[in-house]
Amino acid sequence: MKASIPNKRKDYVRSFCNSLVLGVQPQYVPHQPVSNKPRRECFSIVPEHIATYGGKQNFGWAIFEIKRVWLEAEFHVVWEREDGRLIDLTPREAPLSKILFVHDPKRKYEGIQVDSVFKALTKNPSVKRFIELAGEHFRATNEGDLAKINTGPIIQCSPELKARILKIQNEMDEVKQAIFSEYAR
């Protein structure tokens, strides 16, 4: 199962978006990734692009859905061109034509990682456990100065923390596999 772009007209999607940013309507933003840039590095790609082409940063949440399983909001920044049009410049694992985006006027990127927000679309205990583990993983990989590291392996942490992170990752993989096996039908 792979993440898809949710339908912004669905009540459960609108409700989730409204829980993130009250009163702001989600919108589809074209995905036009800049070539030869690292995946998921919006906070460095967009400012670099602005330095060359103008425009400004527009902070908010990219919304993705695993059908019947969960919605996920990922803190994100898109490029706002001089004419006001929004473009998602960030390369991703899978090609997309667009993303669902909710502008968040109260948020800015301040060099510290921001945890994704999940909403389960089922009462399945495995889904609940995966969401709990995702939160644990975020907290473990963002303790202290680790919150300022955007990518790559976490090499500057204690052996105990590395072991804890690995244990969480292993359980997440197991739970995710079980979920995907069940919902792939």
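Start with helices α3 and α4 of this predicted model, which run roughly antiparallel to each other. Select residues 125-141 for α3 and residues 159-183 for α4: the two pack at an angle of about 155°, with their axes 9 Å apart. That angle is over 145°, the cut-off for calling a pair roughly antiparallel. Turn the view until one helix lies over the other, and you will be looking at a left-handed crossing.

Next, show the side chains where the helices meet. On α3, pick S126, V127, R129, F130, L133, A134, E136, H137, A140 and T141. On α4, add L161, R164, I165, I168, Q169, E171, M172, V175, K176, I179 and Y183. Colour this contact by residue type and you should find 12 nonpolar, 4 polar and 5 charged residues.

Now stay with F130, one of the α3 residues in that contact. Is F130 buried or exposed? Its relative accessibility is 5%, so F130 counts as buried, the limit being under 20%.

Keep F130 selected and add F118. Their ring centres are 6.4 Å apart and their planes stand at 85°, so this pair is edge-to-face. F118 belongs to strand β6 (residues 117-120) while F130 sits in helix α3, so the pair ties together parts that are 12 residues apart in sequence.

For the last stop, look at the aromatic rings more widely: the model has 10 aromatic pairs. Select F43, F59, W61, F75 and Y109 together, and you have one aromatic cluster on screen.

Terms used: Residues are numbered from 1 along each chain as its sequence is written. This is a predicted model: local features need pLDDT of at least 70, side-chain atom pairs count only at pLDDT 80 or more; totals for chains, interfaces and linings use all residues. Side-chain values use heavy atoms; hydrogens and water are left out. Axes are lines fitted to C-alpha atoms, for helices over the stretch in contact, and angles run from 0 to 180 degrees between N-to-C directions. Helices (H or I, at least four residues) and strands (E, at least two) are DSSP runs, numbered from the N terminus. Angles under 35 degrees count as roughly parallel, over 145 as roughly antiparallel, 65 to 115 as roughly perpendicular and the rest as oblique. A crossing is left-handed if the near helix is turned anticlockwise from the far one by less than a right angle, and right-handed if clockwise. Contact means heavy atoms within 4.5 Å. Ala, Val, Leu, Ile, Met, Phe, Trp, Tyr, Cys and Pro count as nonpolar, Asp, Glu, Lys and Arg as charged, and the others, Gly among them, as polar. Rings of Phe, Tyr and Trp (its six-membered ring) pair if their centres lie within 6.5 Å; planes under 30 degrees apart count as stacked, over 60 as edge-to-face and the rest as tilted. Buried means under 20% relative accessible area, exposed over 50%, partly exposed in between (1.4 Å probe, protein chains only).
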